[in-house]
Amino acid sequence: RSLTGLMIACGPVFGEHRKAESSAPMASTESEDPPKPKCGEDGGGEEDGPFQTWEDVWAWIDWAWALMDAYGYEYVSSQGEISLANPTGGAIRECDDWGCGYFGSRRDGGRRRHAGTDVVSRAGAHVYAVMGGTITAIGVVYADNAHFNYIQISSGNWTARELYVRPGPGIGLGTRVEAGDFIGHQQPLYELYPGITEHVEVQLRFRGRLVDPGSRIAVP
């Protein structure tokens, strides 16, 4: 069975073991639910009734995100792949007080997901193009803070954005770049996010669909 097929069948029971750990039910029930089949048995792993705890909600969110990511991998693999250059030469950002750097990590208490992968950088360091193509956009990362910029590179079905990058000399709309070319300097984040690991965020889309750039970037 394909990864996606397995997750569709088994996903609803991923969070089942967490129910006993939670003491804050979302809804009261007058009697216990009947035993539920295990994944692979009759019933296909489906549950009846509403979520019972907040842990169930988070389990379903985690499962849904993983399902979309798995489908994204299968979709991309059937259409063609890409390898990305490292924009800073650094490793993937680990967790700090402001969150984790990997694709899909929780943001704002779980209300949204990290749309990219953070690659560690020194403050103000040189930043390089993750792929070859044409610069199709230079914009601001935050609508309420014009200080931080992103540079977008497009090539065929692929689009990459590198965030927290001040464009370097000669870098503008329509500029052609090759993977590994200098495109600008990392914009320090410590004043806005005290204690954060300095980094450049890379977002990657295939035919408009967000996919994980971290597994495609060569890291030390």
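Me: Why is Arg93 called buried?
Reply: Its relative accessible area is 4%, and buried means under 20% (over 50% is exposed, anything in between partly exposed; 1.4 Å probe, protein chains only), so Arg93 makes the cut. Keep in mind that this is a predicted model, where local features need pLDDT of at least 70 and side-chain atom pairs count only at pLDDT 80 or more, while totals for chains, interfaces and linings use all residues. Residues are numbered from 1 along each chain as its sequence is written, and side-chain values use heavy atoms, with hydrogens and water left out.

Me: What makes the Arg93–Asp96 pair a polar contact?
Reply: The two side chains come to 2.8 Å. The limit is 3.5 Å between N or O atoms; within protein, one must be able to donate a hydrogen and the other to accept it, and residues adjacent in sequence count only if both atoms are side-chain atoms. Arg93 itself is in the loop between α2 (54–79) and β1 (106–107).

Me: How many helices and strands does the protein have, and what counts as one?
Reply: Two helices and 12 strands. They are DSSP runs numbered from the N terminus: H or I over at least four residues for a helix, E over at least two for a strand. Along the sequence, two α elements are followed by the β elements.

Me: What makes Tyr164 stand out in its phi, and is it buried or exposed?
Reply: Phi of Tyr164 is positive, about 70 degrees, although Tyr164 is not a glycine. Most residues other than glycine have a negative phi. Tyr164 lies in the loop between β7 and β8 and is buried, at a relative accessible area of 6%.

Me: And why is Arg207 called partly exposed?
Reply: Because its relative accessible area is 47%, Arg207 falls in the partly exposed class. Arg207 also has a positive phi, near 50 degrees, and is found in the loop between β11 and β12 (209–211).

Me: How do you know that β5 and β6 pair?
Reply: Two strands pair if DSSP finds at least two bridges between them, and β5 and β6 (residues 145–155) have seven, in the antiparallel sense. One bridge sets Ile135 against Ile153 in β6. The two strands form a hairpin with two residues between them. β5 is also joined to β9 (residues 176–177), antiparallel, by two bridges, with Thr134 opposite Arg176.

Me: Which strands form the open sheet, and which are at its edges?
Reply: The order is β4-β10-β8, paired antiparallel. β4 (126–128) and β8 (165–167) are the edges, since each pairs on one side only. The average twist is 45 degrees from one strand to the next. Three bridges join β4 to β10 (residues 182–186), and Val127 faces Gly184 there.

Me: What makes the largest pocket a pocket, and which residues lie nearest its centre?
Reply: A pocket is an open set of points on a 1 Å grid over the protein atoms alone, with protein on both sides within 12 Å along at least five of seven lines; lining residues have an atom within 4 Å of a point. This one holds about 430 Å³ and is lined by 22 residues, with Arg107, Arg112, Tyr142, Tyr164 and Tyr193 nearest its centre.

Definitions and conventions
1 Å grid on protein atoms, 1.4 Å probe; cavity = no way out; pocket = protein on both sides within 12 Å on 5 of 7 lines; lining within 4 Å. Points joined across faces, edges and corners; volume = space filled by probe spheres on them. Axes fitted to C-alpha atoms, helices over the stretch in contact; angles between N-to-C directions.
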